[in-house]
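Reader: Before we discuss contacts and charges, could you put the structure in front of us and then take my questions one at a time?

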Amino acid sequence: MGRIAVLDSGGQYCHLIARKIREMGFFAEILPIGTDPARLRGYSGLILSGGPCSVFDPQSPQPEPGLFELGRPVLGICYGHQLIASHLGGTVNRGTSNEFGSALLRIRRAAGLFKGLDADQQVWMSHGDHVARMPPGFGVLASTRECEVAAMGDRQRQLFGVQFHPEVVHTPNGSQMLQNFLVGACGSEPDWHPGDRIEGLLGGIRDQVGQRRVLLFLSGGVDSTVAYALLVRALGQDSVEAVYVDTGFMREGETAQIRSAFRSLGLGSLRVVRAADLFLGRLSGTADPEAKRAIIGQAFVDVQAGILADRKYCTQDWLLGQGTIYPDTIESGGTTAADVIKTHHNRVPRIQQMLAEGRVVEPLTEFYKDEVRAVGRALGLPSQLVDRHPFPGPGLAIRCLCSESSAVPVRDARIDAAAQRNGYSAVLLPLRSVGVQGDSRSYTGLTVVYGGRFDFGTLLPLSTAITNEHRQTNRVVALVAPNGADPSRWKIVPAGLDAPRVRLLQRADLIVRRYLRDEGLYGEVWQCPVVLLPWGRDGGETVGLRPVVSVDGMTASVAELPLPGLRELADRLTRIGGIDGVVYDVSHKPPSTIEWE
Ligand code: XMP
């Protein structure tokens, strides 16, 4: 199988490149731009991603010497295009202006990268610097009005660069250009289908595990269920023990549901460990999201150690099984240029150490979420399990926001003015949530928009404008209920992670899940976190709805739930004792992540 390495210089687009290539049926992996070229010999082609830096920055990510002498075809995109120019003897000039958005590309010859394409192509540009002089051996392949060297190539050495982004939807024929590179230059065949990889995965599991056994934590979510099914198929039922830890942060009815699904599907028996006291006890008093995640990850490891000790099993005979998927591995150091947005519960320090010792088996680390589903289907798992909405390992603990002190909303004149121009009012709430802005983690306050008509057509662009221009906020919510209320006087009250609050969130979450099922909306929404905010009118709390549409969770857009039903849902939620209001998250990812913490 031909493999393509996407060399990452930082930036969200890197994932888009890898995904797009995989969707086209070729296997792509993301590696840091500074990867030792010797490691890249096994790849049939290299793509240098874009990134947020300028080649002039002293800290800008750079390839190791020898990359361009490997003899592998290379395609540089945006910053990658400029890297090729600056490393091979061309000149990059600092831009005096930026070129953002759609541009018309004029192709010189419909061959090579542009084989089969018309002379005029719409492309997406996002750059300031540009290639002013090409390296020796290169020729111009295409230009835009603003950018003479919009595409360049050295056919002899099979080195190509494009200033625009072929991986985004705004370059309608971008897939064709990438395919031309993969097939024409790299000689690759489209032979990647996640479902076809099962035999290889099974062999890999057997090689790694050998005579040992695996203790796997199952959450009932897609990833761990598919990982479990693979492990059982590879090693046999007796060598795999599935443990479902009831952390106390599961959804209402989840434990019983998962247990019965396992029984009825003949997936083997599930051992349920009740550990709510342990998790709740350790988390009480912790408000910071990363601290919560660290505690949760460590608690899982301690539960595993406890189970092995109880049974007097020798630690060396057992591996820890996890359903870790590709984005988790990338976020935890798979690329050098990327910022850590969230530490996934399966990547806390103790687990990193066990990984280094070879004591963890993770069969799904190559796959994106939708590919995991394809593997699950190929294994014959039913839609009831494979198509469930993702639910994170830390569960409701990262959906229950905490506050160490009392506070009131503040009015930021500029944000309020932006809202007023659109017929709303806005306040800034000092309740922070996690986002990803400019490719870095952000942890900033919440903008609440209220008044005016609840209309996605106005709210979504307003949300984008606010988070683009005001760095003190990374998330915008709109008030749904009570209709017509003025939440500017509502108060944030001190609140921690405790059983009554989790119970309140479970009740709200159940109502939302039932509503999605009953209205036939479950399949249209990719995931719908429900969050609890310690902010309300009379010392009560507010429920936040976060329905999103996504392919793999790496990027997401707001799912627009139909309005009359949404109002009824919100009214139902405010009838729960202790719930004063309902807000709807109108922020895409980026700038906001899907989970609030
Ligand atoms: P974010 O919030 O980063 O989430 O936009 C992207 C997807 O990842 C899930 N997620 C997690 N899953 N352990 C998990 O098993 C975690 O620690 C974790 N954090 C986020 C999230 O639910 C969404 O589907």
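**Ligand contacts and charges**

Author: In this predicted model, 15 residues surround the ligand, and the closest are Arg293, Lys342, Lys589, Ile594 and Glu595.

Reader: Which atom of the ligand does a polar side-chain atom of His345 approach, and at what distance?

Author: Polar side-chain atoms reach the ligand from several residues, including Arg293, where an N or O atom of the side chain is 2.7 Å from a ligand oxygen, and Lys589, whose polar side-chain atom also lies 2.7 Å from an oxygen atom of the ligand. For His345, the partner is a nitrogen atom of the ligand, at 2.8 Å.

Reader: How much of the area that the ligand exposes when taken alone does the protein bury?

Author: The reference is the ligand taken alone, which exposes 500 Å². Of that area, the part buried by the protein is 88%.

Reader: How far apart in sequence are the parts that the pair Arg197 and Glu366 ties together?

Author: The structure holds 29 salt bridges, and one of them joins Arg197 to Glu366, with the closest N and O atoms 2.1 Å apart. Arg197 lies in the loop between α3 (174-185) and α4 (198-209), whereas Glu366 lies in the loop between β16 (360-361) and α11 (369-378), so the parts tied together by this pair are separated in sequence by 169 residues.

Reader: In which helix is the place of Glu568?

Author: Glu568 belongs to a negative surface patch that is formed together with Asp518, Glu519 and Asp571. Its place in the chain is within residues 563-574, which make up helix α16.

Conventions. Residues are numbered from 1 along each chain as its sequence is written. This is a predicted model: local features need pLDDT of at least 70, side-chain atom pairs count only at pLDDT 80 or more; totals for chains, interfaces and linings use all residues. Side-chain values use heavy atoms; hydrogens and water are left out. Patches are made of residues with over 30% relative accessible area and no salt bridge: like charges are joined within 9 Å, nonpolar side chains (Val, Leu, Ile, Met, Phe, Trp, Tyr) within 5 Å. Accessible areas come from the Shrake-Rupley method with a 1.4 Å probe; for residues, only the protein chains shown count as cover. A salt bridge is a side-chain nitrogen of Lys or Arg within 4 Å of a carboxyl oxygen of Asp or Glu. Lys and Arg count as positive and Asp and Glu as negative; His and the chain ends are not counted. The place of a charge is taken as NZ of Lys, CZ of Arg, CG of Asp or CD of Glu. Helices (H or I, at least four residues) and strands (E, at least two) are DSSP runs, numbered from the N terminus. A residue is near a molecule or strand if one of its heavy atoms lies within 4 Å of it. A polar contact is a pair of N or O atoms within 3.5 Å; within protein, one must be able to donate a hydrogen and the other to accept it, and residues adjacent in sequence count only if both atoms are side-chain atoms.
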